[in-house]
Each structure stands twice: as C-alpha cells, then as structure tokens.
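Here is a quick tour of one chain, going from the overall numbers down to single residues. Keep the 3D view open while you read.

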Amino acid sequence: MICRVGDNVCGLFDRFKRKRINKGATEPGEVVEAIDEYTWEGLMDEIGYTGRMAYETDKGLIFHIQLTNKTDTPWGNVKLGIALSKEGILTPAERILRGEMINPQKTEIFKFYLEPSLKIGIVEILIYLSYYDFDRKDTVEIVLPTKKAKMKMPQITKERFKMEVIFDTDWRIVVSSMESVEVQSDVLLKKASTVFLDLEEKIRSLGIHAFKPEINPNIYRAIGRFWAKGNNNVKYGIHLEVIGKDDKTKALLIFYASDHMKLLPFASGVVSHIRKDPEYRRNL
C-alpha cells in the first residue's frame, strides 16, 4: 500500500503486523507453511463488503458500510477504522466504530459521519477491519478495498434564484426548522468592516435578498441574513457573521436549505462564487 500523506494514513495501519499461521503442523511449534498477513483477496469468500457515500437527513454526509459474515462461525470484537488520504476535505466524527458480534450469514451496517469543509479534491477512503474469528481462533486484520470521494464546487448564477422578500422575524422562524451547514474562515488580515461589505456584496450579486445588517462598531461584529427561493421552489437562507479586531478578522457562514439534497450544492456554490476573489480563495 502506498501512503501518500504519511502519518495520516500510514500511522493508522502500522498496527497491522504480519501474521503467521501453522498449516499442516502435527506438533506444537512446528511450522509447515507460513502464510502472509490476511488479505482482501484471500478473504473475499468470507467477507461481504460494500462501501458508498450517502447523505442522511439531519446527519449530513456519511460513508455507509455494509458488512456481511459469509462464514458458518461468528465474528467477535468487530472494529472498523477509517483513514483519509487527504485531511481537511472531509473530517470523520469518529475514526473507530465497534460491534460486539456478527453472526454467521448476517449483515451489519456501520456509518462513518463525515463533515465536509467545502474544499475541493479527491479523497481516498481507507477502511480497516478487525475481528476475532472463532473458527481460526485468531484475530483477523485486513484493509478493505479503497473507495474514492470527489468533492467539487458547483457553479451557481443569479438566474437560479427567484427574488422573494420575507420579514426578518419570519426568516428566523423558518430557518430554525431547516437543515444547515457551517463554513468558518481562517484569520483574514483585513478590516472586519471591509470583509463584511465584500461578502455581503458577493452574496447579493447572486440575486439573494439581504435583510438590514446588525452592526456593533465597538468590537466590530456584524451579522447579515439572506433569503432566496430557487427555481425549483426550494427555500434557502444564509447567516453571515463577521468579527474583527486590529485588522484580524474571522467570518462565519451558515447555509440553510429546505431540501437536504440541495444544501451542500447551494453552500459550496456560494463559497465557490466568493472564492473567485483572490483575496478569499485561500482563507474560506
């Protein structure tokens, strides 16, 4: 296995030591044939495995794993671990999942919840499986086939939205029941007031209605709220918050959508539009 990111991937799998099995031995300690570590190719008839990316309402992105014990003996102390070839594009909520037992001919579902950063790129998802095999009386540890996830930023234009104006108080009530995703900037070396005006203008330019902002000029804190309705009648909201002091600024964007399948494309499309400005390309 080639580890492209060093510690992030290789470190997780360093614990996989080569196993030796006495095959055909008649006396304790006698080694007739030494077999290398367990491999996916050698265990395909015993392990049923599918892994796919999915989206779950109220939960977000998941890596959905279906694991089947195709043997006639149970597996105990089942563990699944996840590693990513690139950090920062997706972040697992948990890196290890555990199950007590998978009985013969039974299937269990495991879900790794993944937080997207709205950065682009292709991520290889590596899963290791560990379980105690009651037939071999040994712990089996293997790396399952690698899966890839491609995160990209769709382009959106103002033609996608229909202007619809609602009251600010209604906005707060409506978005409270919608799904959301957050994006936080790195520290921006610009005045907070400038950052707020820049981001507000870029969001407005997509044909998205902006409510009157709330601004505290002392320790600069500005909040902007936005509302849009798509051509497909899906409703969208954005909460923009900018805080700064001494030309060091951070921005928070919370995106809302009434259709969970539209949320990530909407959020990533708006972020992609903002990143067209070189000043925000690397920091948001």
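Of the contacts here between residues at least 6 apart in sequence, 65% link residues at least 24 apart, a contact being heavy atoms within 4.5 Å. Before going on: this is a predicted model, in which local features need pLDDT of at least 70, side-chain atom pairs count only at pLDDT 80 or more, and totals for chains, interfaces and linings use all residues. Residues are numbered from 1 along each chain as its sequence is written, and side-chain values use heavy atoms, with hydrogens and water left out.

The chain has 6 helices and 16 strands; these are DSSP runs numbered from the N terminus, with helices being H or I of at least four residues and strands E of at least two. Of its 284 residues, 45% are buried. Buried stands for under 20% relative accessible area and exposed for over 50%, with partly exposed in between (1.4 Å probe, protein chains only). The accessible surface is about 15700 Å², and carbon and sulfur atoms account for 49% of that; areas come from the Shrake-Rupley method with a 1.4 Å probe, and for residues only the protein chains shown count as cover.

**Cores**

The largest nonpolar core counts 65 residues, and Ile47, Leu67, Ile127 and Phe255 have the most contacts inside it. Helix α5 (residues 260-274) is its top contributor, giving 7 residues. A separate second core has 9 residues, among them Trp171, Val175, Phe211 and Leu252. By nonpolar core we mean a set of buried Ala, Val, Leu, Ile, Met, Phe, Trp, Tyr and Cys residues joined through side-chain atoms within 4.5 Å. In soluble globular proteins, nonpolar side chains tend to be buried together.

Look at Phe255 for a moment: leaving out residues up to four places away in sequence, its contacts include Val181, Val183, Ile238, Leu263, Phe266 and Val270.

**Helix α4**

Helix α4 (residues 192-204) has 13 residues and spans 18 Å from first C-alpha to last, close to the 18 Å expected at 1.5 Å a residue (the expected span being 1.5 Å times one less than the number of residues). Its buried residues include Val195, Phe196, Leu199 and Ile203, and also Asp198, Glu200 and Lys202. The cover over the buried residues of α4 includes β12 (209-210), β14 (221-230), β15 (235-245), β16 (248-257), α5 and α6 (278-281).

**Around β14**

Strand β14 is mostly covered, with 9 of its 10 residues buried. Here are its antiparallel pairings; two strands pair if DSSP finds at least two bridges between them.

| Strand paired with β14 | Bridges | One bridge pair |
|---|---|---|
| β10 (residues 161-162) | 2 bridges | Phe161 and Gly230 |
| β12 | 2 bridges | Ala210 and Phe226 |
| β13 (residues 214-216) | 3 bridges | Glu214 and Ile223 |
| β15 | 9 bridges | Arg225 and His239 |

Strands β13 and β14 make a hairpin with 4 residues between them. A hairpin also links β14 and β15, again with 4 residues between them, and Asn233 in that turn has a positive phi of about 70°.

His239 sits in strand β15 and is buried, at 11% relative accessibility. Its side chain makes a polar contact of 3.1 Å with that of Glu241. A polar contact is a pair of N or O atoms within 3.5 Å; within protein, one must be able to donate a hydrogen and the other to accept it, and residues adjacent in sequence count only if both atoms are side-chain atoms. Beyond its neighbours within four places in sequence, His239 touches Trp171, Arg225 and Leu252, among others.

**Loops worth a click**

Tyr38 lies in the loop between α1 (7-13) and α2 (40-43). Is Tyr38 buried or exposed? Tyr38 is buried, with a relative accessible area of 10%. Its side chain makes a 2.7 Å polar contact with the side chain of Asp138, and its C-alpha is 5.9 Å from that of Ile142, 104 residues away in sequence.

Gln105, in the loop between β5 (96-102) and β6 (107-116), has a positive phi of about 65° although it is not a glycine. Gln105 is partly exposed, at 49% relative accessible area. Asp247, in the loop between β15 and β16, also has a positive phi, near 60°, and is partly exposed at 42%.
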